[in-house]
Amino acid sequence: MILADNKMNENQENEETMKNEETINTESENESDGLSEETADESGDMPEDMEKTAGKSVDSKEGEKKGFFKKDKKKDKKDELIEELTDKYKRTFAEFDNFRKRSEKEKASMYEIGAKDIIEKILPVVDNFERGFKAVSEEEKNTPFAEGMDKIYKQLLTTLNDCGVNEIEAEGKEFDPNLHNAVMHIEDEAFGDNEVIEVLQKGYMYKESVVRHSMVKVAN
């Protein structure tokens, strides 16, 4: 009986020893797994909390950069005022320049209209001088009176020429409705088509505009 009890005690001690060894092995395995997980966390990706914190810091830096550039792009009030005043000055200067040019054209046009009006009133005097010379006989042309009238007539024509008034050439030229006024028409094979063969009243131009059309006779 004593031997049997001793064996049973030995068996129980062996079982307890084996259990203790198993628990020690499991604890050592758990510790090794924990260490491996910690090393994996340290060597691998960062935890989610740390990733969020890092993302926020990067976003904040980018936001600061964007805000900095926005401040640079925003114009100062002084610069805006300078640009506004410069634009007003340019517009005012352009309007004044256009007004000056328009006024000069209007003055030139008014001066030309006034000059033409005066010339139209002087031309009948020239016509009367020419009619009077046609009525003078060959004997009377050499008299002092006729010579004096001829000098006055030539002086009047010279003055008109100096002012820009010139006679329109008509006789022997082709009829031009812009310069000539046809009051008579004949058929004559000795002349060309639409040829001016006689000037009944002289026409005159003031610079580039017609003061009075030539009154002419046209052939064919």
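## A tour from strand E6 to the nonpolar core

Begin by selecting strand E2 (residues 180-186) together with strand E6, which pair in the parallel sense over six bridges; two strands are said to pair if DSSP finds at least two bridges between them. What you have open is a predicted model, in which local features need pLDDT of at least 70 and side-chain atom pairs count only at pLDDT 80 or more, while totals for chains, interfaces and linings use all residues. Residues are numbered from 1 along each chain as its sequence is written, and side-chain values use heavy atoms, with hydrogens and water left out.

**Strand E6 and its partners.** Within the pairing just selected, Ile186 stands opposite Ala219 in E6. Now add strand E3 (residues 195-201), which runs antiparallel to E6 and is joined to it by five bridges; here Gln201 has Met215 of E6 as its bridge partner. If you colour E6 (residues 214-219) by accessibility, five of its six residues are buried, so the strand is largely enclosed by the rest of the structure. Buried means under 20% relative accessible area, exposed over 50%, and partly exposed in between, with a 1.4 Å probe and protein chains only.

**Asn220.** Move next to Asn220, in the segment after E6, and display its side chain, a polar atom of which lies 2.7 Å from the backbone oxygen of Phe191. Leaving aside residues up to four places away in sequence, Asn220 touches His185, Ile186, Glu187, Asp188, Glu189, Phe191, Gly192, Asp193 and Asn194, where contact means heavy atoms within 4.5 Å.

**The whole chain.** Zoom out and show the cartoon: the chain has four helices and six strands, in the order α-α-α-α-β-β-β-β-β-β along the sequence. Helices (H or I, at least four residues) and strands (E, at least two) are DSSP runs, numbered from the N terminus. Of the 220 residues, 14% count as buried, and among contacts with a separation of 6 or more, 64% are between residues 24 or more positions apart.

**The aromatic residues.** Four aromatic pairs are found in a search of the whole structure. Select Phe129 and Tyr153, a tilted pair with 5.9 Å centre to centre and 40° between the planes; the two lie 24 residues apart, Phe129 in helix H3 (residues 77-135) and Tyr153 in helix H4 (residues 144-162), and thus link distant parts of the chain. Rings of Phe, Tyr and Trp (its six-membered ring) pair if their centres lie within 6.5 Å, and planes under 30 degrees apart count as stacked, over 60 as edge-to-face and the rest as tilted. Both Phe129 and Tyr153 are buried, and adding Phe133 to the selection shows the aromatic cluster that these three residues form.

**The largest nonpolar core.** Extend the selection to Ala115, Ile119, Leu123, Val126, Phe129, Tyr153, Leu160, Val165, Tyr204, Tyr206 and Val211, the eleven residues of the largest nonpolar core. H3, H4 and strand E4 (204-206) each supply at least two of these residues, and the largest share, five residues, comes from H3. Such a core is a set of buried Ala, Val, Leu, Ile, Met, Phe, Trp, Tyr and Cys residues joined through side-chain atoms within 4.5 Å.

Finish with two members of this core. Tyr204 touches, among others, Leu123, Val126, Val165 and Val211, not counting residues up to four places away in sequence. Ala115, in helix H3, counts as buried because its relative accessibility is 16%, and its C-alpha atom is separated by 9.9 Å from that of Val165, 50 residues apart along the chain.

Conventions
Polar contact = N/O pair within 3.5 Å; in protein donor to acceptor, adjacent residues only side chain to side chain.
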